[in-house]
Amino acid sequence: MPFKPPEVAKCPKCNQNVYAAEEVPAAGKKFHKMCFKCGLCKKMLESTTLAEHDGNLFCKQCYARKFGPKGVGFGGGAGTLGMDTGEHLGNKSGSEMSNKPNYAPPPGASSHE
């Protein structure tokens with residue numbers, strides 16, 4: 001029986017061979033250390049800063065901005081929430097929430113002040 005070398009994984013970012021000495025396993029795949037970056041901001045990732053979505057890698061900050069509730073990751077609390085819709089991150093326009101109430105005024109309340 002002929003010798004068969006072990007299969008070498010391909011890096012999903014650069015599509016080159018990933019050898020054991022340089023591999024970083026994440027999201028069920030093997031990446032080169034230099035390819036193990038956030039898909040949006042390109043920061044180098046570590047196991048503690050990694051967030052994965054549909055096989056793509058993100059830092060936790062970019063993941064929260066792209067996939068978290070609107071406003072997460074854009075400031076330091078409710079007082080600093082912005083009106084950034086995340087369109088530059090691929091979020092679709094038209095999904096913004098309005099801050100106007102949509103309920104009827106209580107009985108006896110005048111409609112003009």
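## N15 and its loop

N15 is exposed, with a relative accessible area of 54%. The model is a predicted one. N15 sits in the loop that runs between β1 (9-10) and β2 (17-18). Its phi is positive, about 65°, although N15 is not a glycine. Most residues other than glycine have a negative phi.

Why does N15 count as exposed? Its relative accessible area is 54%, and exposed means over 50%.

## Other positive phi values

K42 also belongs to a loop, the one between β4 and β5 (50-53). Phi of K42 is near 70°, a positive value, and K42 is not a glycine.

A27 has a positive phi near 55°. A27 takes this value in the hairpin of β3 and β4, where two residues lie between the strands.

## The β3–β4 hairpin

How do β3 and β4 pair, and over how many bridges? The sense is antiparallel, and there are four bridges between β3 and strand β4 (residues 29-32). Two opposite positions can be named. V24 faces F31 in β4 across the pairing. P25 stands opposite K30, also in β4.

Which residues of β3 are on the covered face, and which on the uncovered one? V24 and A26 make up the covered face. E23 and P25 make up the uncovered face. V24, on the covered side, is thus the residue set opposite F31, while P25, on the uncovered side, is set opposite K30.

## The nonpolar core

Nonpolar side chains tend to be buried together in soluble globular proteins. Here the largest nonpolar core has 13 residues. Which of them touch the most other members? They are F31, F36, C38, L45 and L57. β3 (23-26) and β6 (56-59) each supply at least two residues of this core. The largest share comes from β6, with three residues.

F31 has a long contact list, leaving aside neighbours within four places in sequence. From the β3 strand, E23, V24 and A26 are in contact with F31. F36 and L57 are on the list as well, and both are among the core members that touch the most others. The remaining contacts of F31 are C11, P12, K13, V18 and E22.

## Helix α1 against β6

Helix α1 spans residues 60-67. Its buried residues are C62, A64 and K66. What do they pack against? The buried residues of α1 pack against β6. β6 is also the strand with the largest share of the core, three residues.

Definitions and conventions: Residues are numbered from 1 along each chain as its sequence is written. This is a predicted model: local features need pLDDT of at least 70, side-chain atom pairs count only at pLDDT 80 or more; totals for chains, interfaces and linings use all residues. Side-chain values use heavy atoms; hydrogens and water are left out. A nonpolar core is a set of buried Ala, Val, Leu, Ile, Met, Phe, Trp, Tyr and Cys residues joined through side-chain atoms within 4.5 Å. Buried means under 20% relative accessible area, exposed over 50%, partly exposed in between (1.4 Å probe, protein chains only). Contact means heavy atoms within 4.5 Å. Two strands pair if DSSP finds at least two bridges between them.
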